[in-house]
Amino acid sequence: MLPGKPVFLLTDILVFGLMLCIVLFFLYAMRKPHLREPWRQVVRSKAGVISMIVLSVYVGIALLDSVHFHPVLENQNAASGEVHYSGEVISLFDEMVSGLRASGEKTYSAPFAAYLYAKETVQQDDGTKQRVYPRLSWGAVHLDNPEAQKTADVLVLGAVGALKGIAVWLVLVTLLCLVLSVRAKRSFRATLGILLGGRSGVPWRTVILTLGAVVLVLLVGAEWAAKYHVLGTDKVGEDVLYQALKSIRTGVVIGTLTTLLMLPFAVIFGIMAGYFRGWIDDVIQYLYTTLNSIPGVLLIAAAVLMLNVYMSKHAEQFASLTQRADLRLLFLCLILGLTSWTGLCRLLRAETLKLREVDFIQAATAFGVGRVQTIFRHILPNVMHIVLITLVLDFSGLVLAEAVLSYINIGVDPTMNSWGNMINSARLEMAREPVVWWSLAASLFFMFTLVLFANLFADVVRDALDPRLAR
Amino acid sequence: MSEFLLQVQDLTTVFRTSRRTLTAVDRISFGIREGETFALVGESGSGKSVTALSVIRLLPEAASLTSGSIRFEGKDLLKLPERDMRDMRGSGISMIFQEPMTSLNPVVKVGRQISEVLIRHRNMSRPQARQRVLDLLDAVRIPRPSQTIDMYAHELSGGMKQRVMIAIALACEPRLLIADEPTTALDVTIQAQVLELINDLQRQFKMAILFITHDLAVVKQVADQVAVMKDGQIVEQSSNGVFFSSPQHAYSWDLFAALPAMEKRGKPLLEGNSHRLHKPVMENMTKNDVLQVRDLAVYFPIRKGLFKRTVGYVKAVDGVSLDIPPGQTVALVGESGSGKTTVGKGILRLVQPTMGEVTYLGLPIHEIGRNQLLEQRANLQIVFQDPYSSMNPRMLVGSIIEEGIKALDVIPDAQARKQRVLELLEQVGLDKDAHLRYPHEFSGGQRQRICIARALAVDPKIIICDEPTSALDVSVQAQILDLLNHLQEQYAISYLFITHNMSVVAYFADRVAVMYQGQIVEQGEVEQVLTDPQHEYTRRLLSAVPKLVPPIRVA
């Protein structure tokens, strides 16, 4: 199935485990009306479906980028029958965009450029040396005379991409319409009328329009990216679009795994403190008050430095650079989680304190229901909305935190693609003359889009789940 | 100009949600003359509050007026621009709300909250306003106005807060005061004071009052004109005297019939419910009391400082003795904060009693161990006041009822257990398919039935009913009381009925104990205590209850 030997990185396993949990939760929630209702509300809001579509593109890329393997080496010794694998670890996503990955230039080049951004001394045919902007080795090589042809070529490629996009979009809309009309036992035409008239419960018209926009952007981008460096190249000539896309996984992993790792602490400690009161409450409260009073950045810096020392002393334990970077990423999630569980813990403690005095818990006590059962049956389901809201709200904060930490060099490994690392390197590029703006712009754009739609989604989820906002 | 100060014509208010449109007020018309008290009576959801909010134009966003006119002093309020309407609120029409606890801003001194209105509407300077506030506080009979003016809301009791609210409403001498259930959240003795105050102020300021309430006894006491609302419509409108002697509409009769009273003892409140002729005969049962409570005390420690040293105690219950005979109902009456709920919880050891004995059929409940207590949990059960918070919203009704049976292992077989749940639902008068639904799909009265079914599930000998009907409308209260009576007849269960409602006690209980500040000041047979109270507090309590003799229906 995979074009190579699979490698299971720790974060990959956790990310797919998390996906499995989410899928299982939704299957479970579909059967429980009180759980289904708020999610139905999410799906019924326009902001909800738009952000879900955009987020699923991000998550999809992150998931593809989480299937790692050693690729098969090109020139195999066919006679021996043995398959040789490269020592390098790449992902399914890398394989899909292999063109971008292999499109190295010498150094900086601007978006859609045909020439390098720096002058080089080139020996002319007549033997004289001249300082010129040389042609790129990959970008726009298909053009004979870039000055005259480039604009037209870009437009043509864009139009081709747009046409492909529209075709794909029409196919998608038709499929959606077919599925819906079969499910509602209505004629295709009637379903189409309802969808386009915006009279459906789920805002399908919004779904269709968003889908159209997303497909268009993806396919036009793909068309351009096959011939040009759409977002330019960086100092060592790597494609910036590729870097920004690879950074998606880092951001998504940090945003989700951190919360996942802190969740057990927060939930167990929070509910225990609130339910049992007394000395248990005191111990837990002192624990999180102490932890909260240590500056988070300091703790993270110390932990990351310690890990660095460990990794350089035990270099033999890591099969590849990728594994090393992955461990550092996981460790960063852990330490971010360790410093951030206190907020949710506090919330859960307060909610449990309130709940334990509520009549239905008292009634359970009057029936002699055990404490563990009371916690699992009565308290946990009634605080789950807080957990979910926190999870979604924290996501965007953590993506931004990664950028800040990588910027000051205590974030993810410098070899790993991340928006923080891109911004960090952009520090020097901004000081350069002429200025190189595309690295910074690309990372900011990709991060901004993710965070914006994550925030929109969080808003909708909170509105749907928060009982105090219930109508 | 018409004879009416406020004239409402064909008013219709609808609520639009994404799914449906709900007509809260449906083409109602009425008029209020100057200086008159017009009472709007109805059960919850009948549209009386929406009517008031429509008049003062403070409807929530989802609501809109679709037809009708509201004329106040000849002006059409619905055509008034919002600017002028703001001037009208407070100086022309003002309003007091049900919940004095949440109607005042907790971080602003009460004096400022009153003077705000004066400065806004009367252009007074601050010192002028302060003087006027002192006069107003004096007018609403707040003792020591010069101190109260600089207090915050939390430093005042519920009755005092409602007086402050009244002072704010009266600050600009409005022509019309809208009072939306102004005394519902208050204790009965405080209610009597506040009603008297409103009455006096009305005469003094010569204003009209639109009085909204669900309590017929209060209406009888305050109203000149009565209008009964049901499902957004006014079904009957007449003068006080006519209404309380010969109501016309069948719904009005139903309301009167549902009122519990001493005269109705031994009869079901609602027609069609089985007649309860006598108390169950306890021939094969011991005549001894099933539950004896001796000198029960529950103190809550007040802790202070870093190490949480106990610096004192709140004596919530302080030496209560009670006996509950088999198959009878003992009422525990008292105002809020008197400790009656804590007595109930102390008996069940939901809060640990500090001192005293609780004996169930000779067994000392107060000192038995965890396991033994678990065995006894089946015999002593509780029904709570708030049917909304007493069931886990995330559980199916079936599993809610089943929980006790399962936890106490009354019926080990799953199939038989399910059968029992269905039986119970039928007994409390609910559909069998209710067990597959969630609590939020039921109304308050239905939820209370589920709670009763849950308590019944483990065959208790005693059920502690903690104000089970005080969150319900009178007609629903009547259903629940009839149900409880019926169950008592059938299973000879004893009730400890905790309530603040004297007419429920008069109708429902066999014995009554009156609680005041953590102690029982008087107890005895209901007839004797209610007709010939011995203790000073009981007398005060009884005299504060508004009297209402329901009209007799002539066939």
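A residue counts as buried when under 20% of its relative area is accessible, and at 5% B:Ser94 falls in that group because its value is below the cut-off. The views here come from a predicted model.

**Figure 1. B:Ser94, a buried serine in a strand of chain B.** B:Ser94 sits in strand E6, which covers residues 93-96 of chain B. Its side chain reaches the backbone oxygen of B:Ala169 at 2.7 Å. B:Ala169 turns up again among the contacts of B:Ser94 beyond four places in sequence, along with B:Ile56, B:Pro174, B:Leu176, B:Leu177 and B:Ile178.

**Figure 2. B:Thr37 and its polar partner, B:Gln202.** Here we're in strand E3 of chain B, residues 37-41, where B:Thr37 is found. B:Thr37 has a relative accessibility of 2%, so it counts as buried. What does the side chain of B:Thr37 make a polar contact with? The partner is the side chain of B:Gln202, at 2.8 Å. Apart from sequence neighbours within four places, B:Thr37 also touches B:Ile209, B:Phe211 and a run of residues made up of B:Val222, B:Ala223, B:Asp224 and B:Gln225.

**Figure 3. Helix H14 of chain B, mostly under cover.** H14(B) spans residues 397-407, and 8 of its 11 residues are buried. Which ones are they? The buried set is B:Val397, B:Gly398, B:Ile400, B:Ile401, B:Glu402, B:Glu403, B:Gly404 and B:Ile405, so two glutamates are on the list. Both chains help with the covering: chain A brings in helix H13 (359-366) and helix H14 (371-407), while the cover from chain B includes helix H15 (414-427) and helix H16 (444-456). After H14(B) comes B:Asp409, with a positive phi near 55 degrees.

**Figure 4. B:Ile493, in the loop between a helix and a strand.** On one side of this loop is helix H17 (474-491) of chain B, and on the other is strand E18 (494-499). B:Ile493 counts as buried because its relative accessibility is 2%. Leaving out neighbours within four places, its contacts include B:Gly327 and B:Gln328, then B:Leu456 and the stretch B:Pro460, B:Lys461, B:Ile462 and B:Ile463, and finally B:Leu487 and B:Gln488. Follow the chain for 10 residues and you get to B:Ser503, whose C-alpha is 22 Å from that of B:Ile493.

**Figure 5. A:Trp138, a partly exposed tryptophan.** A:Trp138 belongs to the loop that links strand E5 (129-132) to helix H6 (146-184) in chain A. Is A:Trp138 buried or partly exposed? At 22% relative accessibility, it counts as partly exposed. Its contacts beyond four places in sequence include A:Gly99, A:Ser103 and A:Glu105, plus the run A:Ala225, A:Ala226, A:Lys227, A:Tyr228 and A:His229. A:Trp437 is 299 residues away along the chain, with 21 Å between the two C-alpha atoms.

**Figure 6. A cis peptide bond at A:Pro434.** The bond from A:Glu433 to A:Pro434 is cis, with omega near -5 degrees. Most peptide bonds are trans. A:Pro434 lies in the loop that runs from helix H15 (419-431) to helix H16 (438-465) of chain A.

**Figure 7. Positive phi at B:Asp10 and B:Asn123.** Most residues other than glycine have a negative phi. B:Asp10, though, has phi near 50 degrees, and so does B:Asn123. B:Asp10 is part of strand E1 (residues 6-16) of chain B, and counts as partly exposed because its relative accessibility is 38%. B:Asn123 is in the loop between helix H4 (110-122) and helix H5 (126-139) of chain B; at 67% relative accessibility it counts as exposed.

**Figure 8. Two buried cysteines, A:Cys345 and B:Cys172.** A:Cys345 has 0% relative accessibility and B:Cys172 has 1%, so both count as buried. How many disulfides does the structure hold over all chains? The number is 0.

Note on methods. Residues are numbered from 1 along each chain as its sequence is written. Chains are lettered from A and ligands numbered from 1 in the order in which they are written. This is a predicted model: local features need pLDDT of at least 70, side-chain atom pairs count only at pLDDT 80 or more; totals for chains, interfaces and linings use all residues. Side-chain values use heavy atoms; hydrogens and water are left out. Helices (H or I, at least four residues) and strands (E, at least two) are DSSP runs, numbered from the N terminus. Buried means under 20% relative accessible area, exposed over 50%, partly exposed in between (1.4 Å probe, protein chains only). A polar contact is a pair of N or O atoms within 3.5 Å; within protein, one must be able to donate a hydrogen and the other to accept it, and residues adjacent in sequence count only if both atoms are side-chain atoms. Contact means heavy atoms within 4.5 Å. A disulfide is a pair of cysteine sulfur atoms within 2.5 Å.
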